[in-house]
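Hello,

Here is the structure I promised to pass on to you. Have a look at it first, and then read on for what turned up in it.

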Amino acid sequence: VKNYKIPVFIPELACRHKCIFCNQQKITGVEEIIKPQDVKQLVEKRLFQLLPAKEHIEIAFFGGNFTGLEIQQQEAYLTVANEFVRSGKVSGIRVSTRPDCISHEILQLLKYYGVNNIELGVQSMFNHVLKASGRGHTAEDSIQAASMIRSFGFVLGLQMMTGLPEDTAEQALFTAHEIVRLGAKETRIYPLLVFRDTPLYNRFQDGAYQPRTIEETVSLLAQIAEIFEESRVNILRIGLHASESILNGQMVAGPWHPALGQLVYSQLWSSLLSRIVSHRGDQSFSIRVSSRQYPNAVGYKRCNSLLYPGITFVSEPAFNGMQYEIDCC
Ligand code: SF4
C-alpha cells in the first residue's frame, strides 16, 4: 500500500526555542503561516490531485512544534483534520513536535482527535550535543516522551540529525541504536546544513563550525540506515528535500544532495554486494530485489552495476525493504 502525506507546514509558530541551525521558514520554504480555516481547502485540493489513488493518505502537521501551540490552536487545526478522517477521505493524522512538548493532557487531546503518528525531533541522545545545538531539551526528555507516546498507543517516530556541533560519528551511531531501543517505528535522518540568518551561519563564517563533507556524511548515513533496516524502523526521509530555500541560496554550506537517500542506499547495497561476492567467490549471478530498492541496488548513476558487471539486477514486486534472493546464472 502506498502512503501519501498531505503536509501542512506550521513554521516556528509554536517554537519558543532557537536551535542554532534553525530558521524554520527558510528550511520549509514557507514564509506565511497557514490558518486552521485554510487547512480544509489545502487538503481538499491535494485530495483532488491524489484521486483516484485512494490509498493510505495522512494529513501531516510538520514544521514547528505542533504540540507547543496553544491548546485552542491545536484543536482548531485538529478539528479540520479530524473531519477528513471521520468522512473516510484520509486514513490518519500525524504531527511532529519536540520531546519537551509532550504531556498526558496533550496526548489525550491528540488521541481524541484521531492522531495516529507522533514524530519527535530527538536529534541526538547526548546532552552535550543538544546543549551545543541550543535544542533546549535533554536526552532524558526524549526517553520520557517516547515512553509516554508508546503507552498511549501512538506510532512513534524519532528523528535524528548528524553533523551537529560536538557530535561524532560514534555518537550518531549510538543515537540511532537508542532510537531503536526507544521503540521507534519510523525515523527521519537529517544531516546538519548551514542556513543564512542562523547562529550556526555566524559560527561557520568565523570558522568555528566546519560542515561535514558529502562523502563522510553518506558513509555515516549508510551505517545508520543499516541499523534501522536491521531493526525494521521505517526510514521516512534522508536529508531535506529540494525546497525553494535550498535552491535559492539560503543554504550556504553542508552535505546536501538532491538524491542523498539514493546515495546512502547505493552505498548500503554496495557493501552488501561486496560481502556476497567475497562469500561466493564469483561475480556472476542474478539478484532479485524489491521494486523500490531496485534503483538503489543498481546504484546512483548505475555505480553498483558498473562496479559488478557480472551481476544482473532483477526487480521483484513481491519483495519488501532490503529483501533479496540470489539466482545462479
Ligand atoms: S525546535 Fe528548533 S528546529 Fe524546531 S522549530 Fe524550534 S528552533 Fe526550529
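A helix here is a DSSP run (H or I) of at least four residues, and helices are numbered from the N terminus. With that in hand, you can find Ser-245 in helix α10, which covers residues 244-247. Please keep in mind that this is a predicted model.

Is Ser-245 buried or exposed? Its relative accessible area is 4%, and buried means under 20%, so Ser-245 is buried. If you want a partner to compare it with, try Lys-18: the two are 227 residues apart in sequence, while their C-alpha atoms are 19 Å apart in space.

Next, the inside of the protein. The largest nonpolar core has 79 residues, and the members that touch the most others are Phe-61, Leu-110, Ile-118 and Ile-224. Helix α11 (residues 260-280) gives this core its largest share, ten residues. There is also a second, separate core of 14 residues, with Cys-19, Val-129, Tyr-190 and Tyr-201 among them.

Ile-118 is a good residue to click on. You will find it in strand β4, residues 115-123. Its relative accessibility is 0%, which is why Ile-118 counts as buried. Which residues is Ile-118 in contact with, leaving aside its neighbours within four places in sequence? They are Val-95, Thr-97, Ile-102, Leu-107, Leu-110, Ile-149, Phe-154, Val-155, Leu-156 and Gly-157. By way of a longer reach, Ile-118 and Ser-266 are 148 residues apart in sequence and 29 Å apart in space, going from C-alpha to C-alpha.

One of those contacts, Ile-149, takes us to helix α6, where Ile-149 is among the buried residues. The others are Ala-139, Ser-142, Ala-145, Ala-146 and Met-148. Elements that cover the buried residues of α6 include α4 (104-112), β4, α5 (127-132) and β5 (155-162). Helix α6 itself spans residues 139-151, 13 residues in total, and its first and last C-alpha atoms are 19 Å apart, close to the 18 Å expected at 1.5 Å a residue. After α6 comes Gly-153, which has a positive phi near 85°.

Now try helix α7, residues 169-181. How far should its 13 residues span at 1.5 Å a residue? The expected value is 18 Å, and the end C-alpha atoms are 19 Å apart, so the two agree. The buried residues of α7 are Gln-171, Ala-172, Leu-173, Thr-175, Ala-176, Glu-178 and Ile-179. Those buried residues pack against β4, α5, β5, β6 (186-191) and α9 (214-230). Just after α7, Gly-183 has a positive phi of about 90°.

A word on pairs of helices. Two packed helices are described by the angle between their axes and the distance between the axes. For α2 (residues 36-50) and α3 (residues 71-86), the axes come within 8 Å and cross at roughly 30°. Angles under 35 degrees count as roughly parallel, so α2 is roughly parallel to α3. Their crossing is right-handed. On the α2 side the meeting residues are Pro-36, Val-39, Lys-40, Val-43, Glu-44 and Leu-47, and on the α3 side Ala-76, Tyr-77, Val-80, Glu-83 and Phe-84.

Helix α3 also pairs with α4: here the axes come within 10 Å and cross at roughly 20°. That angle makes α3 roughly parallel to α4. Ile-71, Gln-74, Glu-75 and Leu-78 of α3 make the contact with Ile-106, Leu-109 and Leu-110 of α4. The crossing of α3 and α4 is right-handed.

Finally, some loops to visit. Asp-197 sits in the loop between β7 (194-195) and α8 (199-206), and its phi is positive, near 60°, although Asp-197 is a residue other than glycine. With 55% relative accessibility, Asp-197 counts as exposed. Arg-232, in the loop between α9 and β8 (234-238), is not a glycine but has a positive phi of about 55°. Arg-232 counts as exposed at 73% relative accessibility.

What about Gln-293, in the loop between β10 (285-290) and α12 (294-298): is it buried or exposed? At 9% relative accessibility, Gln-293 counts as buried. Beyond its neighbours within four places in sequence, Gln-293 is in contact with Tyr-265, Trp-269, Gly-321 and Met-322.

Enjoy exploring, and write back with any questions!

Best wishes

Definitions and conventions. Residues are numbered from 1 along each chain as its sequence is written. This is a predicted model: local features need pLDDT of at least 70, side-chain atom pairs count only at pLDDT 80 or more; totals for chains, interfaces and linings use all residues. Side-chain values use heavy atoms; hydrogens and water are left out. A nonpolar core is a set of buried Ala, Val, Leu, Ile, Met, Phe, Trp, Tyr and Cys residues joined through side-chain atoms within 4.5 Å. Buried means under 20% relative accessible area, exposed over 50%, partly exposed in between (1.4 Å probe, protein chains only). Helices (H or I, at least four residues) and strands (E, at least two) are DSSP runs, numbered from the N terminus. Contact means heavy atoms within 4.5 Å. The expected span of a helix is 1.5 Å times one less than its number of residues. Axes are lines fitted to C-alpha atoms, for helices over the stretch in contact, and angles run from 0 to 180 degrees between N-to-C directions. Angles under 35 degrees count as roughly parallel, over 145 as roughly antiparallel, 65 to 115 as roughly perpendicular and the rest as oblique. A crossing is left-handed if the near helix is turned anticlockwise from the far one by less than a right angle, and right-handed if clockwise.
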